[in-house]
Amino acid sequence: MKIGTGILLWSGGASLAAGLAAPMIFGSGANTPLAAAVAAIAGLAVAPLAWLLNRDEDRLLDAANETADAQPVILPVTAMMRPISDAIRRLIDENQCDVQTMLARVRELEIRAKISDSERDRLETVLHSLHDAVIVTNAYGELRLVNPVAASLLGVRIPEDLNRSAEQVISDDHITRLIVEAHESRSPSYRTRAEVDVSDASAGPGAPGRAHEATIACLPDQNEPVGGVVLILRDIAREREISQVKSEFVSKASHELRTPLSSINAYIEMLLDGEATDPEAQTEFYHVIKNEADRLGRLIDNMLNISRIEAGISKAKYEDMDFVKAAHAAVSVIEPQAKLKDITVRVKSGPLLYSAEADRDMIQQVLLNLLSNAVKYSPEGGRVTVTVENDETTGSVMTTVADTGLGIPPDALPHVFDKFYRVENYKRVAKGTGLGLNLVKHIVETVHGGQVAVTSEVGMGSRFVFTIPYVRQSARRAA
């Protein structure tokens with residue numbers, strides 16, 4: 001007879017140890033991956049003990065079977081298992097502290113990983129909100145972060161091109177050269193700036209390059225000489241244009257200021273030298289000096305007004321004004337000048353009300369500038385007509401100043417509203433600052449949100465038209 005009753009076979013010693021270890025550490029309901037991993041470690045630890053126990057059990061079974069016919073053998077299974085169970089429990093108790101430490105370490109790493117992900121999300125949000133193009137590479141020159149501005153400018157696809165070499169993805173040689181030079185420096189303190197022309201990839205092939213200021217720096221790393229590179233591209237094309245405009249403005253303003261000052265200085269010197277001995281000559285000199293001083297004052301006033309409007313610091317006093325009354329007031333001011341050339345100036349309007357929200361003084365200045373030009377460039381016996389009407393299609397008051405003067409050449413029409421622009425052939429006809437029409441454009445379009453235009457034919461006169469909305473734009477938005 002084979003004796004197997006009462007003997008617990010330990011062929012699955014490792015599995016039993018794992019089964020004992022998991023409930024002791026994590027409780028009866030533990031089924032997490034971490035619990036399974038710890039249980040597996042415990043099972044591996046006691047597997048040698050289970051193997052020894054299996055070997056002894058086999059020997060005892062063989063001996064018992066050999067003597068089974070002689071007399072029954074009863075093996076004390078419980079007593080035999082107790083030392084092994086105690087040993088396993090002691091082993092688990094000894095390692096429980098290490099397991100708890102490992103669990104705490106795992107929890108700490110999980111928290112750090114969440115914090116790192118949160119910080120990365122915030123960093124990406126900041127980069128995406130910037131108007132400048134930003135590129136970040138790792139220690140191997142692979143793209144790690146690219147904000148939308150940089151992606152659009154350089155043709156980088158997100159996320160397909162991330163973790164690819166910057167040299168392979170970015171086709172602009174200037175940019176790739178800057179990145180390669182930064183990596184080759186192998187210095188965490190490397191930092192440089194350069195101006196480069198970058199063609200916008202979104203504008204298609206062959207697009208002209210725009211000026212950008214590139215700032216590039218290396219990122220530190222504990223394991224690598226250079227942990228990566230950050231490149232920032234700032235579009236400075238607009239700044240260059242503004243700087244050029246300012247330079248041209250200063251140059252032209254200096255020239256325009258010098259002309260009346262030179263004239264004033266010359267006539268004063270002639271008076272001091274006694275060249276004007278009779279009262280009539282002296283009076284003529286005084287009139288010239290007075291006219292040039294007035295011209296200088298107008299030039300300075302126009303420059304200041306334009307500068308205030310462009311800077312956004314000009315405060316308009318809006319009120320519901322009648323444009324017909326404003327036109328009659330401007331005509332009364334300009335009539336003495338028109339009578340000297342026998343020029344007829346009149347106002348045409350219908351019986352309706354022609355009013356809009358506008359700054360009375362500024363509109364008066366617009367009308368005076370247009371009327372003054374019309375009189376100056378019209379021959380003797382000419383006509384100047386101011387027409388006021390309502391334009392219901394655009395919801396605005398439309399004012400037209402038409403003359404029978406010299407007209408404007410076709411090539412000059414696009415430039416008549418530019419600063420200091422004057423038709424070359426007409427400079428001898430009448431004096432001017434070249435700022436009057438530019439100021440008209442700023443007052444009408446920038447301050448009042450209207451429109452101004454001109455049509456002309458050489459020898460047939462000119463026709464200036466400007467419109468002012470019934471209600472200013474800010475009031476419409478508020479409503």
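Trainee: Why is β10 called largely enclosed by the rest of the structure?

Mentor: This is a predicted model, and the statement rests on a count of its residues. A residue is buried when its relative accessible area is under 20%. Seven of the eight residues of β10 are buried, so the strand is largely enclosed by the rest of the structure. For the chain of 479 residues, buried residues make up 37%.

Trainee: What makes K325 an exposed residue?

Mentor: Exposed means a relative accessible area over 50%. K325 has 60% and is therefore exposed. K325 is found in helix α9, residues 323-339. Its C-alpha is 9.6 Å from that of S355, although the two are 30 residues apart in sequence.

Trainee: How do you know that β9 and β10 pair?

Mentor: At least two bridges are needed for two strands to pair. Eight bridges join β9 (residues 383-391) to β10 (residues 396-403), and these strands run antiparallel, so the pairing criterion is met. Individual bridges can be named: T385 stands opposite A402, and the bridge partner of E389 in β10 is M398. Four residues lie between the strands in this hairpin, where G395 takes a positive phi near 65°.

Trainee: Which strand pairs with β10 over seven bridges?

Mentor: It is β12, in the antiparallel sense. One of the partnerships is that of S396 with P469 in β12. With seven bridges, this pair also satisfies the requirement of at least two, and the two strands therefore count as paired.

Trainee: What makes β7 and β11 edge strands?

Mentor: Each of them pairs on one side only. They belong to an open sheet of five strands in the order β7-β9-β10-β12-β11, with mixed pairing. The edge strands are β7 (344-349) and β11 (451-457). Neighbouring strands of this sheet are turned by 15° against each other on average, direction ignored.

Trainee: Where does helix α11 lie?

Mentor: Helix α11 (residues 436-447) lies across β11 and β12 (461-469), and runs at about 140° to β11.

Trainee: What is the strand order of the open sheet with antiparallel pairing?

Mentor: Its five strands follow the order β2-β1-β5-β4-β3. The edge strands here are β2 (143-146) and β3 (191-199), each with pairing on one side only. The average turn between neighbouring strands is 20°, direction ignored.

Trainee: How do you know that β1 and β2 pair?

Mentor: Three bridges join these antiparallel strands; at least two are required, so they count as a pair. V136 stands opposite L145 in β2. V136 also stands opposite V230 in β5. Strand β1 (residues 133-138) and β5 (residues 228-235) pair antiparallel over six bridges. V230 in β5 in turn has A217 opposite, within the antiparallel pairing of β4 (residues 209-219) and β5 over eight bridges. Helix α6 (residues 173-185) lies across β1, β3, β4 and β5, at about 145° to β5.

Trainee: Why is the reach of α8 called close to the expected value?

Mentor: The expected span is 1.5 Å times one less than the number of residues, and therefore follows from the length of the helix. Helix α8 (residues 279-311) has 33 residues, for which 48 Å is expected, and reaches 47 Å from its first C-alpha to its last. Its buried residues include F285, I289, L296, L299 and I306. Just after α8, G312 takes a positive phi of about 80°.

Trainee: Which elements give two or more residues to the lining of the second largest pocket?

Mentor: They are α7 (237-272) and α8. α7 gives the most, with eight residues. Among the lining residues are R238, I242, F249, S307, E310, K419 and F420; a lining residue has an atom within 4 Å of a pocket point, which is why each of these is included. The space in this pocket is about 450 Å³.

Key:
Residues are numbered from 1 along each chain as its sequence is written. This is a predicted model: local features need pLDDT of at least 70, side-chain atom pairs count only at pLDDT 80 or more; totals for chains, interfaces and linings use all residues. Side-chain values use heavy atoms; hydrogens and water are left out. Buried means under 20% relative accessible area, exposed over 50%, partly exposed in between (1.4 Å probe, protein chains only). Axes are lines fitted to C-alpha atoms, for helices over the stretch in contact, and angles run from 0 to 180 degrees between N-to-C directions. Contact means heavy atoms within 4.5 Å. On a 1 Å grid over the protein atoms alone, a cavity is a set of points where a 1.4 Å probe fits but cannot get out, and a pocket is an open set with protein on both sides within 12 Å along at least five of seven lines; lining residues have an atom within 4 Å of a point. Grid points are joined across faces, edges and corners, and a volume is the space filled by probe spheres set on the points.
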